[in-house]
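User: I am new to this structure and would like to get to know it step by step. Please take my questions one at a time.

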Amino acid sequence: MKKLIVIVVVIIVTIVIGYNYIYQDHRNIEKEQPTYRAEAKLLAEEFSATPAASEKKYLNQTIEVSGIITAISDNTITLDKTVYCQFSMNISGLQEHNRIQVKGRFIGYDDLLEEIKLDQCSISN
Amino acid sequence: MMVYWKTKKAFGTVFDIHTKNKIMKYFVYLLFFISASLLSQTKYLTKNGVVGFEASVPSFEEVKASNNAVTAILNADNGEFAALVLVKGFRFKNALMEEHFNENYAESDIYPKATFKGTLKDFDKSRLNSGSKFKITGELMFHGVTKTFDDIDVSLSSKGNEIQMSGKFQTLASDFDIKIPKIVRNKIAETIDVDFNFKLQLK
């Protein structure tokens, strides 16, 4: 009898662990601690100097970027004309020319427009 | 050198200083218009275009992702088109699937970008009423492999300063050197449906 209970418990635990592994949650960038903190202008300089190495360094990392908002559209803002941030939340309260600190995941360097792209952004100040 | 001196002499004798200035002025205007028309290409651009793909097999979990941070540029003078997809920007419903896509299939750490460069055939901006059909031919680079696509159907419609461009095509995972392991082969379709939708704004 005891043996049976142990077996059942082991099976249930395996199923639960397996289920949680297969249906694990997405990364929550908003709650993650940023790996890098940078000023938008300095980040842009780094990327124009060494695009490939910088891309490798920051790829898929959570970065906190501060800068001045130069453009706003539906759910995106551009910092200092070079850092393009895509939000998943409503950002209707933001205004151009304001200083802001944004946390997001770096997804790559857009060499057509020379922009640094972040997604899953959130406002961190 | 001789010609220059001769011309200078001729100008000096035939025209007075006033006419000379006038001619210079027209010449400058002409130069300005020529250079302006050469430089000003009508470009349409988007930074948040959508590219999605699906390789689902019926009755298994859907294998589907979408990227809504695609940069695309259309030159409305000659129909040249370019798009840049950051592979890390593909979002799946299932986080583990997203991880596997990035690590094992697309290898986005090594190949972070996918690009398309092509030309719309017989492109004419004046023909862009609602729902015009065009064909695009170009090269798609993904996972370090370049493949040429011929005559992909594209629908274009223009509204004010915006051109909307959308379409879909099919491709094979093996065309881009992506190997699907045996264990999951019956859960991932070999033929992949790709769709795109760009709302391009006049720049």
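**Two loop residues**

User: Is H97(A) buried or exposed, given the other C-beta atoms within 10 Å?

Analyst: Happy to help, and please keep in mind that this is a predicted model. A residue counts as exposed when 12 or fewer other C-beta atoms lie within 10 Å of its own. H97(A) has 7 such atoms, so its class is exposed.

User: Where is H97(A) found?

Analyst: One thing to notice at this residue is its backbone: phi is positive, about 75°, although H97(A) is not a glycine. As for its place in the chain, H97(A) belongs to the loop between β4 and β5 of chain A.

User: What is the phi of E107(B) near?

Analyst: E107(B) lies in the loop between α3 (95-105) and β5 (113-120) of chain B. With 16 other C-beta atoms within 10 Å, E107(B) is partly exposed. Its phi is positive in a residue other than glycine, with a value near 45°.

**Chain A**

User: What pattern does chain A follow along the sequence?

Analyst: Begin with the count: chain A has three helices and six strands. Reading along the sequence then puts these elements in order, and the pattern is α-β-α-α-β-β-β-β-β.

User: What is the radius of gyration of chain A?

Analyst: It helps to look at the extent of the chain beforehand. The C-alpha trace of chain A spans about 70 × 35 × 25 Å along its principal axes. A compact globule of 125 residues would have a radius of gyration near 14 Å, whereas the value for chain A is 20 Å.

User: What percentage of the 125 residues in chain A is buried?

Analyst: Here a residue counts as buried if 20 or more other C-beta atoms lie within 10 Å of its own. Across the 125 residues of chain A, the buried share is 30%.

**Where the chains touch**

User: Which strand gives the most to the side of chain A that touches chain B?

Analyst: The contact draws 18 residues from chain A and 16 residues from chain B. On the chain A side, β4 (83-87), β5 (99-110) and β6 (115-123) each provide at least two residues. The one that gives the most, with three residues, is β5(A).

User: How many residues on the side of chain A that touches chain B are nonpolar?

Analyst: This side can be sorted by residue class. There are six polar and five charged residues, and the number of nonpolar residues is seven.

**The nonpolar core**

User: Which strand supplies the largest share of the largest nonpolar core?

Analyst: This core has 56 residues, and those with the most contacts inside it include V83(A) and I116(A) as well as L74(B) and V85(B). Its largest share is six residues, and these come from residues 64-75 of chain B, which form strand β2.

User: Which residues does V83(A) touch, leaving out those up to four places away in sequence?

Analyst: V83(A) is among the residues with the most contacts inside the largest nonpolar core. Leaving out its sequence neighbors up to four places away, V83(A) touches A40(A), L43(A), V65(A), G67(A), T78(A), I116(A) and L118(A).

**Chain B**

User: In what order do the elements of chain B run from the N terminus?

Analyst: Chain B contains three helices and nine strands. Following the chain from the N terminus, the order is α-α-β-β-β-β-α-β-β-β-β-β.

User: Over how many bridges do β1(B) and β9(B) pair?

Analyst: Strand β1 (residues 43-54) of chain B also pairs with β2(B), in the antiparallel sense over nine bridges. In that pairing, V51(B) stands opposite N67(B). With β9(B), V50(B) has N197(B) as its bridge partner. The pairing of β1(B) with β9(B) (residues 191-202) is antiparallel too, and its bridges number seven.

User: Which residue in β4(B) is the bridge partner of A65(B)?

Analyst: β2(B) and strand β4 (residues 91-92) of chain B run antiparallel and are joined by two bridges. Across this pairing, the partner of A65(B) is F92(B).

User: Which residue takes a positive phi in the hairpin of β2(B) and β3(B)?

Analyst: β2(B) pairs with strand β3 (residues 80-86) of chain B in the antiparallel sense over five bridges. In one of these, L74(B) has F81(B) as its bridge partner. Four residues lie between the strands of the hairpin, and the one with a positive phi, near 80°, is G79(B).

Terms used: Residues are numbered from 1 along each chain as its sequence is written. Chains are lettered from A and ligands numbered from 1 in the order in which they are written. This is a predicted model: local features need pLDDT of at least 70, side-chain atom pairs count only at pLDDT 80 or more; totals for chains, interfaces and linings use all residues. Two residues are in contact if their C-beta atoms, placed from the backbone, lie within 7 Å. Ala, Val, Leu, Ile, Met, Phe, Trp, Tyr, Cys and Pro count as nonpolar, Asp, Glu, Lys and Arg as charged, and the others, Gly among them, as polar. A nonpolar core is a set of buried Ala, Val, Leu, Ile, Met, Phe, Trp, Tyr and Cys residues joined through C-beta atoms within 7 Å. Two strands pair if DSSP finds at least two bridges between them. The radius of gyration is taken over C-alpha atoms; the globule rule is 2.2 Å times the number of residues to the power 0.38.
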